[in-house]
Amino acid sequence: MSGVLLIPSLVSFLWFTVFGATGIQTQQNGSEVASLADTQVLFGVFNEFPLGIVMSIIAMLLIGTFFITSADSATFVLGMQTTNGSLNPPKTVKFAWGIAQSTVAAVLLYTGGTAGITKCPYYSRSSVFRDYASNGLRFL
């Protein structure tokens, strides 16, 4: 149990210490990393290292892995919820939830992210997504 609590905490502490100190030092040495967009800061810091391109590629692979495993977990949990708590939801249900998640992600990317949601007052203030999530896939 201590490994489950202690190791992730230590890795996170090490990560934030090393990259936080590196970012601060990079800024103090004259690089304008802080003026970059939020999505570019990590790659701006990596650009200051000798193997920055390699580190950027590894970071993109890790970020992609994070999103893929998160989406897989989400489809599994949503599948369990829509099949009345089944521990092994049918693949068709998980597939339908995967398509639904992909569609929402594509629409968000196309409309400009979360700014697209706030521009549309009907969907941002209604429970249409929640209603669809709880009742929409019961037919599968």
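## V54 and the surface of helix α3

In this predicted model, V54 has a relative accessible area of 43%, and because buried means under 20% and exposed over 50%, V54 counts as partly exposed. The residue belongs to helix α3, and V54 is also one of the members of a nonpolar surface patch, which it forms with L51, I58 and L62. Taken together, the four residues of this patch offer about 390 Å² of accessible area.

## Buried positions in α3

Helix α3 also contributes residues that are covered: G52, S56, A59, T75, G79 and T82 are buried in this helix. For S56, which lies in α3, the relative accessibility is 12%, and since the cut-off for buried is under 20%, S56 is assigned to the buried class.

Which residues does S56 touch, once those up to four places away in sequence are set aside? The contacts of S56 that remain under this condition are with F43 and F46.

## Length and end of α3

Helix α3 covers residues 52-82, and its 31 residues should span 45 Å at 1.5 Å a residue; the C-alpha atoms at its ends are 44 Å apart, so the span in the model agrees with the expected one. Just after this helix, N84 adopts a positive phi of about 55°.

## The annotated segment

The UniProt record, an unreviewed entry, lists residues 49-71 as "transmembrane region". In the model, the chain over residues 49-71 is 87% helix and 0% strand, and the C-alpha atoms at the two ends of this stretch lie 32 Å apart. The annotation itself comes from the record, whereas the helix content and the end-to-end distance are computed from the model.

## The chain as a whole

How many helices and strands does the protein chain have? Its secondary structure comes to 7 helices and 0 strands, and along the sequence these elements follow the pattern α-α-α-α-α-α-α.

Of the 140 residues in the protein chain, 16% count as buried, while the chain exposes about 10600 Å², with carbon and sulfur atoms supplying 70% of that area. When contacts between residues at least 6 apart in sequence are considered, 28% of them join residues at least 24 apart.

Methods. Residues numbered from 1 in each chain as written. Predicted model: local features only at pLDDT ≥ 70, side-chain atom pairs only at ≥ 80, totals over all residues. Heavy atoms only, no water. Helix = DSSP H or I, 4+ residues; strand = E, 2+ residues; numbered from the N terminus. Buried < 20%, exposed > 50% of the residue type's maximum accessible area, 1.4 Å probe, protein only. Contact = heavy atoms within 4.5 Å. Areas by Shrake-Rupley, 256 points an atom, 1.4 Å probe, with all protein chains shown as cover. Expected span 1.5 Å × (residues − 1). UniProt positions renumbered as here; feature names shortened; annotations may be inferred. Patch = residues over 30% accessible without salt bridge, like charges linked within 9 Å, V, L, I, M, F, W, Y side chains within 5 Å. Salt bridge = Lys/Arg side-chain N within 4 Å of Asp/Glu carboxyl O.
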